[in-house]
Amino acid sequence: ADLTRIAREVEVRLARTPDVGLTYIIGATDEALRISPDPERLALYGVTLQQLAGKVQGANTAAPAGTLREGGEQLGFVIGETLTTPEEIGNLELTARDGRTVYVRDVADVGMVSDLDEHHVATLIRADGEIVRSPAVSLAVAKRAGSNAVVVAETILHQVEEMEGSIIPDSVHVEVTRDYGETADEKANELLFHLALATVSIVALVLFTIGWREAVVVAIVIPVTILLTLFAANFMGYTLNRVSLFALIFSIGILVDDAIVVIENISRHWA
């Protein structure tokens with residue numbers, strides 16, 4: 001429950017970060033009130049299960065209490081739903097039997113439980129040859145469409161570091177399991193390297209096989225074409241990603257291949 005509370009406080013702060021879209025928590029263990037009726041005690045006091053459920057539901061029913069206008073906005077007020085602790089539920093009066101009041105605690109066990117979630121997260125650590133299982137909570141953060149994943153990831157990690165020691169106590173260990181911003185940056189840099197390598201290789205190939213004038217033309221045409229492509233994509237609202245970078249590398253081969261064919265035909269005709 002403490003981990004869930006901390007994760008939700010962190011989630012609220014990260015959700016206010018610019019360019020952050022969807023955020024959600026996996027493995028939260030919220031506490032809930034559980035009423036466990038005892039059939040023997042119900043029969044002893046002559047209370048049915050329907051009477052017990054109806055009493056608890058009726059005592060914790062919400063009802064509208066009116067509206068209030070403030071600053072041009074209409075606010076609604078709701079009364080009820082005040083049962084928040086096991087003691088409050090246990091002290092509800094059910095009925096009277098033989099001059100004695102029967103309470104909910106007399107026929108049922110009331111307590112807080114935190115095992116109602118379908119998904120649980122844990123961290124497994126090998127220590128001294130044994131696997132130690134520690135409770136954990138996963139907080140997932142997704143960027144908005146069109147934003148830079150690298151910048152958003154760096155901003156989130158910086159904010160998490162600032163919250164360590166204050167919102168996140170020292171007893172809680174923070175671990176980044178998947179940083180798509182870092183992987184995206186690495187793959188983008190790798191594609192840019194291959195883009196430059198392909199350009200240099202083609203210029204060198206044209207230089208040694210055709211001539212230096214043709215190599216200069218290729219060296220000018222390829223960067224200009226790529227820059228014009230990026231300018232047009234930015235003007236039309238398209239963002240740059242790994243797919244578009246790979247497409248640029250692929251298009252270089254098509255661009256230069258067509259140019260080589262044209263140059264060879266011109267050289268042949270002039271010859």
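A nonpolar core is a set of buried Ala, Val, Leu, Ile, Met, Phe, Trp, Tyr and Cys residues joined through side-chain atoms within 4.5 Å. With that idea in hand, the predicted model shown above can be explored from the inside outwards.

The protein contains 9 helices and 10 strands. Of its 271 residues, 22% count as buried. The exposed area comes to about 19,100 Å², and carbon and sulfur atoms supply 57% of that area. Contacts across the chain are well represented: among those between residues at least 6 apart in sequence, 61% join residues at least 24 apart.

Where, then, do the buried nonpolar residues gather? The largest nonpolar core has 13 residues, and those with the most contacts inside it are Leu-195, Ile-202, Val-218, Ile-222, Ile-226 and Ile-252. Three helices, α7, α8 and α9 (242-270), each supply at least two residues of this core. The largest share comes from α7, which gives 5 residues. A closer view of one member is offered by Ile-226, which touches Leu-195, Leu-248 and Ile-252 when residues up to four places away in sequence are not counted. A second core, separate from this one, has 12 residues, including Ile-89, Val-102, Val-104 and Val-107. As a general background, nonpolar side chains in soluble globular proteins tend to be buried together.

Helix α8 deserves a paragraph of its own. This helix has 24 residues and reaches 35 Å from its first C-alpha to its last, close to the 34 Å expected at 1.5 Å a residue. Its buried residues are Ala-215, Val-218, Ile-222 and Ile-226. The spacing of such residues can be read with a simple rule: an α-helix has 3.6 residues a turn, so residues three or four places apart point the same way. Ala-219 is also found in helix α8, but this residue counts as partly exposed, because its relative accessibility of 32% lies in between the limits of under 20% for buried and over 50% for exposed. The C-alpha atom of Ala-219 is separated by 7.5 Å from that of Thr-199, although the two residues are 20 apart along the chain. After α8 comes Gly-237, whose phi is positive, near 90°.

Which residues make up the nonpolar patch on the surface? Leu-207, Phe-208, Trp-212, Val-216, Ile-220, Val-224 and Leu-228 form this patch, with an area of about 760 Å². Two elements give two or more residues to the patch, namely α7 (180-209) and α8 (212-235). Helix α8 gives the most, with 5 residues. One member of the patch, Trp-212, has its place in helix α8. Is Trp-212 buried or exposed? Trp-212 is exposed, because its relative accessible area is 54% and the exposed class begins over 50%. Helix α8 therefore appears in both settings, with Val-218, Ile-222 and Ile-226 among its buried residues and 5 residues in the surface patch.

Attention now turns to charged side chains. How many salt bridges does the structure hold? There are 2 salt bridges. In one of them, Asp-38 pairs with Arg-41, the closest N and O atoms being 3.2 Å apart. In the other, Asp-109 pairs with Arg-41, with the closest N and O atoms 2.9 Å apart. This latter pair links distant parts of the chain: Asp-109 lies in strand β7 (residues 108-113) and Arg-41 in helix α2 (residues 39-45), 68 residues apart. Through their shared partner, Asp-38, Arg-41 and Asp-109 are joined into one network. Each of these residues is partly exposed: Asp-38 has a relative accessibility of 26%, Arg-41 has a relative accessible area of 22%, and Asp-109 has one of 48%.

A last stop is the loop between α1 (2-15) and β1 (20-26), where Thr-17 is located. Thr-17 is buried, because its relative accessible area is 5% and buried means under 20%. Leaving out residues up to four places away in sequence, Thr-17 touches Thr-155 and Gln-159.

Conventions. Residues numbered from 1 in each chain as written. Predicted model: local features only at pLDDT ≥ 70, side-chain atom pairs only at ≥ 80, totals over all residues. Heavy atoms only, no water. Patch = residues over 30% accessible without salt bridge, like charges linked within 9 Å, V, L, I, M, F, W, Y side chains within 5 Å. Areas by Shrake-Rupley, 256 points an atom, 1.4 Å probe, with all protein chains shown as cover. Salt bridge = Lys/Arg side-chain N within 4 Å of Asp/Glu carboxyl O. Helix = DSSP H or I, 4+ residues; strand = E, 2+ residues; numbered from the N terminus. Buried < 20%, exposed > 50% of the residue type's maximum accessible area, 1.4 Å probe, protein only. Contact = heavy atoms within 4.5 Å. Expected span 1.5 Å × (residues − 1).
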